[in-house]
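Student: I have a two-part request: could you show me how to read salt bridges and helix packing, and then backbone details, in a model like this?
Tutor: Gladly; let us look at it together.

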Amino acid sequence: MTLSRLFHDTLSMLKGMKVTILYLTRPSRVVTQQYPENRETLKFPERFRGQVVMPHDEKGEHTCTACTLCEKACPNGTISILTTKNIASKRVLGEFIYRFSTCTLCNLCIEACPFDAIRMGHGFEMAAYKRDELDYVLNKKEGR
Amino acid sequence: MSESMPQGPIQPAPISAAPAVSRTGAPDAVKKSGSLPPGFTLRDVRPDGSHEYFLNMGPQHPSTHGVLKLVVRLDGETVLETVPHLGFIHRAIEKMGENETFIQYMHLTDRMDYLSSHINNLCVCLAIEKAMNIGVPERGEYIRVIVCELQRIQSHLLWWGAFGMDMGAVSAFLYGFIEREKITQLFEELCGARLTMNYFRPGGSNADLPEGFIGKVKTLCEEMKFSLDEFDVLVSQNPIIRERTVGVGLLSKERAISNGCTGPVARASGVNYDVRRNDGYSIYDRFQFDVPLGANGDSFDRYRVRMDEMRQSVRILEQAAAGIPEGQYRSKEKPNYKVPAGSYFAAVETARGLYGTYLVSDNSFKPYRVKSRSPGFSNLSAIDEITRGGKIADLVTVLSTLDLIIPDIDR
């Protein structure tokens, strides 16, 4: 009884060892990536949700109309839209303030935006020394 | 200066004022205090000088997988009582939900059971859909089933790796993560996130499946079958693992029911209940799958039930990937979700058991009250009965087979 069990246990241990050795000898199973050495070749899926960015076209214009839908959609109060008046006294975007320190990357502001003025960027290395270093103004100039 | 005068703001208490602790017995303060609950009182010293003692396991213990503190009353190595202390990661998510709209609340449920975040999102969606009579298109339902079953496999793979780690098999942890990473990458393509998904919406999901997703799921199913067989050879048939789990940590069927255990923990004890089959939601009634059951309710049964569940999930995935139709992925999106007054409940089967969402609405954009019924909390309540009389080393393995997620317990 004991002998057969000893034999059986040894056999199953050896079978387990076989799996380990197979993993060792199968290079296709190696999935480890050398970060940060591979930073240049890192690929992100299109829908990757990183820090919110505001795309600007080649003339430096954005499409934000300061409708504040994203501000209302945000669950954390991460976005603040400060408006101003342009030369024709029309209400336009002054500053799009985005506080990354409170952002949960939930994608609700992007879904709320009717003009595709903001999107999720691919930035993820966000280390900072102070919390207010993570407050960004996303627009480069005032709206028109 | 008189003796009663305080000499400064910080004054160390004199050593003689500390409670009398002798090497041969419990602290006198503990023994004499009648106000302490039974779990905090030690029995008197035995004639041979031996005595019981307390051990604080956690909140930083690696095998609790989070900030859970277990106060264990021990006699030598034997566990006499285990008292879990909760609340280290309590974030008042349910209270926060009262100040957020229904859609905004959904992203908080990601942060409860973070390994079943898709399934938690689905539960909130189901409750809102029930309240507002929102239908889901055919393709949307298939997407839900595929994503939820992927999530279940992903969660069980992490559990399998962590289980191996608790047993001392570090290679199991790495192999589990290799397989899990494939599913995580699928999710990254699907919704852009790896852990906190926020993908489902009332009436479907917030985006269609990306290009080539179904093909990748089919490939994954084949790979998973192969890997699960390997995992069985590596861990399930390992004599050391069997020695440490078979017959250890017994939970009877009756006690599992009265503790409110659900999911694999209850099914390992022989409770034949799975929300997907018994209180079917989405389109689970269209798929062929078995609900694996255990006979003894020991640690090995809980292990085996989860391994079998992964195989069943692969089975569902294959059927769903073969039958997914073209068409809309979401019914017409509403500008805002104003839930009519009333209370609504929806339940889903997460990787850990029954997760329920109870919404009370007063006909506004924000819930009047939200309550989550999380599986981890109820499963944890059985830990005292499971570990009583066992050894301290078995407490770690039992804790691992319960598959607790601490943010799910504390919410």
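Tutor: Let us begin with charge pairs. Over all chains, the structure holds 38 salt bridges. Please keep in mind that this is a predicted model.

Student: What should I look for in a single pair, say the one between Arg39(A) and Glu125(A)?

Tutor: Start with the distance, then ask where each partner sits in the chain. The side chains of Arg39(A) and Glu125(A) form a salt bridge with an N to O distance of 2.9 Å. The two residues are 86 apart, so to speak, and the pair links distant parts of the chain. Arg39(A) belongs to the loop between helix 1 (2-25) and strand 1 (52-53) of chain A, while Glu125(A) belongs to the loop between strand 4 (119-120) and strand 5 (135-137) of chain A.

Student: Are Arg39(A) and Glu125(A) buried, exposed or partly exposed?

Tutor: Here the cut-offs help: buried means under 20% relative accessible area, and exposed means over 50%. Arg39(A) has 43%, so Arg39(A) is partly exposed. Glu125(A), at 42%, is partly exposed as well.

Student: Which residue forms a salt bridge with Glu81(B), and how far apart are the closest N and O atoms?

Tutor: The partner is Arg73(B), with the closest N and O atoms 3.1 Å apart. Both Glu81(B) and Arg73(B) are buried.

Student: How do I read a pair inside one helix, such as Glu179(B) and Lys182(B)?

Tutor: Compare the spacing with a turn of the helix. Glu179(B) and Lys182(B) are 3 residues apart in helix 6 of chain B, which is about one turn of the helix. Their side chains meet in a salt bridge of 3.1 Å, N to O. Then look at each partner in turn: Glu179(B) has a relative accessibility of 1% and therefore counts as buried, whereas Lys182(B), at 24%, counts as partly exposed.

Salt bridges can also share partners. One network of this kind joins Glu149(B), Arg152(B), Arg267(B), Asp274(B), Arg276(B), Glu309(B) and Glu349(B).

Student: Which residues make the nonpolar surface patch of about 260 Å²?

Tutor: Met165(B), Val170(B) and Leu174(B) make that patch. Leu174(B) lies in helix 6 (residues 170-191) of chain B. With 48% relative accessibility, Leu174(B) counts as partly exposed.

Student: Now helix packing. At what angle do helix 3 and helix 4 of chain B pack?

Tutor: Read the angle and the axis separation together, then the handedness. Helix 3 (residues 102-109) and helix 4 (residues 117-132) of chain B pack at about 155°, and their axes are 8 Å apart. Angles over 145 degrees count as roughly antiparallel, and so helix 3 and helix 4 of chain B are roughly antiparallel to each other. Their crossing is right-handed.

Student: Are helix 12 and helix 15 of chain B roughly parallel or roughly antiparallel?

Tutor: Try the angle again: helix 12 (residues 299-323) and helix 15 (residues 392-402) of chain B pack at about 30°, with axes 9 Å apart. Angles under 35 degrees count as roughly parallel, and therefore helix 12 and helix 15 of chain B are roughly parallel. In this pair, helix 12 of chain B passes helix 15 of chain B in a left-handed crossing.

Student: On to the backbone. Which residues does the cis peptide bond with omega of about 5° join?

Tutor: Omega is the angle to check for this feature. The cis bond joins Tyr35(A) and Pro36(A). Pro36(A) sits in the loop between helix 1 and strand 1 of chain A.

Student: Where are Asn107(A) and Asp116(A), and what is phi for each?

Tutor: In both cases, look at the sign of phi and the residue type. Asn107(A) has phi near 80°, a positive value in a residue other than glycine. The place of Asn107(A) is the loop between strand 3 (91-99) and helix 3 (108-112) of chain A, and at 14% relative accessibility Asn107(A) counts as buried.

Asp116(A) has phi near 55°, also positive in a residue other than glycine. Asp116(A) lies in the loop between helix 3 and strand 4 of chain A, and its relative accessibility of 61% makes it exposed.

Methods
Residues numbered from 1 in each chain as written. Chains lettered and ligands numbered in written order. Predicted model: local features only at pLDDT ≥ 70, side-chain atom pairs only at ≥ 80, totals over all residues. Heavy atoms only, no water. Patch = residues over 30% accessible without salt bridge, like charges linked within 9 Å, V, L, I, M, F, W, Y side chains within 5 Å. Areas by Shrake-Rupley, 256 points an atom, 1.4 Å probe, with all protein chains shown as cover. Salt bridge = Lys/Arg side-chain N within 4 Å of Asp/Glu carboxyl O. Helix = DSSP H or I, 4+ residues; strand = E, 2+ residues; numbered from the N terminus. Buried < 20%, exposed > 50% of the residue type's maximum accessible area, 1.4 Å probe, protein only. Axes fitted to C-alpha atoms, helices over the stretch in contact; angles between N-to-C directions. Parallel < 35°, antiparallel > 145°, perpendicular 65-115°, else oblique. Left-handed = near helix turned anticlockwise from the far one by under 90°.
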